[in-house]
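Work through the exercises below with the sequence and the 3D view open. Try each task before reading its solution.

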Number of protein chains: 2
Amino acid sequence: MPRKLSPVRIAEIVFRTIKKQKHKSFCVLSREERLLDKLFDYLAKAGIAGDLGDDAAMIGRMAVSVDSYSEGIHFNSLVPDDSIGYRAVTGAVSDIAAMGSEAKYVLISMGLPRRVSDRKFFGLYGGIKKACRKWHLSVEGGDIVASRSLYISVCAIGPAGKNIRRSTAGSGDILFITSYPGLAAAGLELLKEGADKKNILVKKFLYPDIFSDDGEKLFPFVSALMDSSDGLIESCQSISRASSVAVNIDSALLPLKKELLVFCGSRKKTLKMALEGGEDYYLIGTSPASKFAKIKTPVFRIGTVTSGRGVFLDGNETGYKGFRHFK
Amino acid sequence: MPRKLSPVRIAEIVFRTIKKQKHKSFCVLSREERLLDKLFDYLAKAGIAGDLGDDAAMIGRMAVSVDSYSEGIHFNSLVPDDSIGYRAVTGAVSDIAAMGSEAKYVLISMGLPRRVSDRKFFGLYGGIKKACRKWHLSVEGGDIVASRSLYISVCAIGPAGKNIRRSTAGSGDILFITSYPGLAAAGLELLKEGADKKNILVKKFLYPDIFSDDGEKLFPFVSALMDSSDGLIESCQSISRASSVAVNIDSALLPLKKELLVFCGSRKKTLKMALEGGEDYYLIGTSPASKFAKIKTPVFRIGTVTSGRGVFLDGNETGYKGFRHFK
């Protein structure tokens with residue numbers, strides 16, 4: 001059993017959570033909404049900005065997304081090689097799922113320091129294999145280059161599905177998530193504390209879920225969707241901004257895993273982890289009330305969408321913030 | 001004017017040429033044909049290998065390729081930021097061109113060390129912009145992550161064209177190239193020697209050409225095609241291997257720029273640079289004799305394809321080798 005620990009302070013930890021402030025189809029670390037805003041202006045003025053609209057780009061009849069993982073930033077020596085590969089692929093696949101599409105293909109870019117052994121290389125590919133089997137993907141290409149530090153950049157591609165945006169939530173919609181929040185962030189903390197890799201929370205960090213069911217059971221009934229890798233609050237903020245709505249979370253509805261309560265030691269700390277914890281790839285969505293009941297796969301209703309702006313927890317504007325490792 | 005220098009020994013230089021031993025749709029540094037062969041076996045056994053067939057992957061009706069550039073490997077502080085961005089985009093675009101397709105879209109993955117300033121970031125994007133305008137591309141997405149060392153990974157996508165492979169050269173075909181070989185490699189040497197960035201060879205390194213004409217003037221008349229980023233000899237070796245043919249280069253036919261002759265100081269050294277120099281992105285192709293005359297854009301006939309295997313220069317098996325920076 002995990003030891004009872006003080007609340008996680010990921011913002012103080014050197015090995016931070018994966019922080020991707022996702023803006024449109026650029027997924028960007030939170031250093032720089034400012035930088036990103038400037039970039040979008042720059043691309044628009046240069047006349048080379050595409051439809052930078054969401055988690056993934058829609059090109060022809062394909063949804064395309066890239067997601068990168070850097071040594072020392074998104075993983076370190078605590079993370080087994082196969083988890084690095086698994087998480088890299090799963091992150092890109094979750095971007096495609098967040099568009100209401102299903103990834104079918106990946107291209108794998110890998111930057112390898114000279115010191116990297118064949119064993120490590122195939123360890124990384126062991127995780128890529130595991131994720132490809134889990135998410136029914138084929139590896140269609142990629143590149144391998146020398147690099148000073150290790151990185152993996154995954155390009156995931158799938159036939160365009162419903163093309164669900166994060167900008168299409170409507171007042172009156174129901175807010176839902178597809179899995180238990182906060183588990184991966186807790187698992188990362190436990191991993192750092194030396195917990196066994198078989199611990200259920202650690203496993204949720206090492207091999208995160210997205211949404212394992214047939215998309216047809218979910219996507220037709222959804223108005224807006226995105227993945228949760230920013231953490232629940234930040235993802236809700238993105239939906240709020242993009243859709244110009246207020247997103248209201250009811251804490252009593254949040255599904256909290258018993259293991260997370262045990263790990264955090266109090267309900268307050270558990271809530272904080274569930275609301276702020278990154279590293280997960282489950283989906284956060286909204287659904288018109290008339291369609292919500294038609295969803296054919298288990299989801300958790302956790303709140304509502306109303307007119308206005310901002311993210312509210314039990315009626316109060318949230319003081320919770322996402323984590324930022326790029327300051 | 002460039003000084004008269006001793007012959008380039010890129011194999012001995014710390015900042016090496018971009019070495020991509022392209023195998024199928026993986027473009028890989030030459031560390032590891034062995035590693036790559038093992039990887040392909042691994043993916044095949046795992047049942048997750050797609051059609052790893054060439055410079056780019058053909059997915060649906062799209063040609064897709066990724067190409068990565070790492071700090072300290074593919075560029076260093078000698079290379080202006082806008083050239084780094086330009087070369088990264090152009091490399092990915094040339095992979096698409098080498099399939100007989102035209103890239104229309106790019107997604108840009110960037111790993112940024114914390115020290116990177118906004119000025120440098122927009123310097124890199126200045127080159128990305130320049131390449132996007134040159135090659136008529138729009139930026140459709142990407143990601144920006146923190147990283148210990150700087151890298152850019154470009155995913156280029158275009159509607160599938162003729163789908164020309166490197167495996168479809170036939171005995172009796174004519175061998176051609178679309179531009180003067182060796183210029184970029186010489187330009188890199190000059191840059192290291194402190195030459196002015198306006199030097200014509202330096203410019204060929206900083207802002208390389210691919211094939212600037214309408215693809216319809218070339219692609220319909222071509223049997224096999226690939227880009228030249230490995231250098232002319234290595235690219236011919238790839239065509240020879242993939243197509244099971246002998247590739248014969250006639251040195252008297254090689255178009256040698258006057259500036260290259262001046263830089264190298266002798267015809268022998270110039271030939272070596274033209275045959276081995278990497279960093280270029282022009283195209284190398286083969287064309288059935290009956291179709292060659294129908295090509296509507298200037299190309300240089302440099303040899304023939306015959307039955308057999310290997311690459312021959314003036315009838316002799318070449319002792320020239322490509323450069324490898326990943327040993």
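**Exercise 1.** How much area is buried between chain A and chain B, and what percentage of it do carbon and sulfur atoms give?

Solution. Start with the source: this is a predicted model, in which local features need pLDDT of at least 70, side-chain atom pairs count only at pLDDT 80 or more, and totals for chains, interfaces and linings use all residues. Residues are numbered from 1 along each chain as its sequence is written, chains are lettered from A in the order in which they are written, and side-chain values use heavy atoms, without hydrogens and water.

Next, the term: buried area is the accessible area (1.4 Å probe) that two parts lose on being put together, summed over both. The result is about 6,100 Å², with 63% from carbon and sulfur atoms.

**Exercise 2.** Which residue of chain A forms a salt bridge with Lys38(B)?

Solution. Apply the rule: a side-chain nitrogen of Lys or Arg lies within 4 Å of a carboxyl oxygen of Asp or Glu. The partner is Asp118(A), and the closest N and O atoms are 3.2 Å apart. In total, the rule finds two salt bridges across the interface of chain A and chain B. Several elements of chain A each supply at least two residues of the side that touches chain B, among them helix H1 (33–46) and helix H3 (118–134). Helices here are DSSP runs of H or I with at least four residues.

**Exercise 3.** Is Cys236(A) buried or exposed?

Solution. Buried means under 20% relative accessible area and exposed over 50%, with partly exposed in between (1.4 Å probe, protein chains only). Cys236(A) has 0% relative accessibility, so Cys236(A) is buried. In chain A, 65% of the 327 residues are buried.
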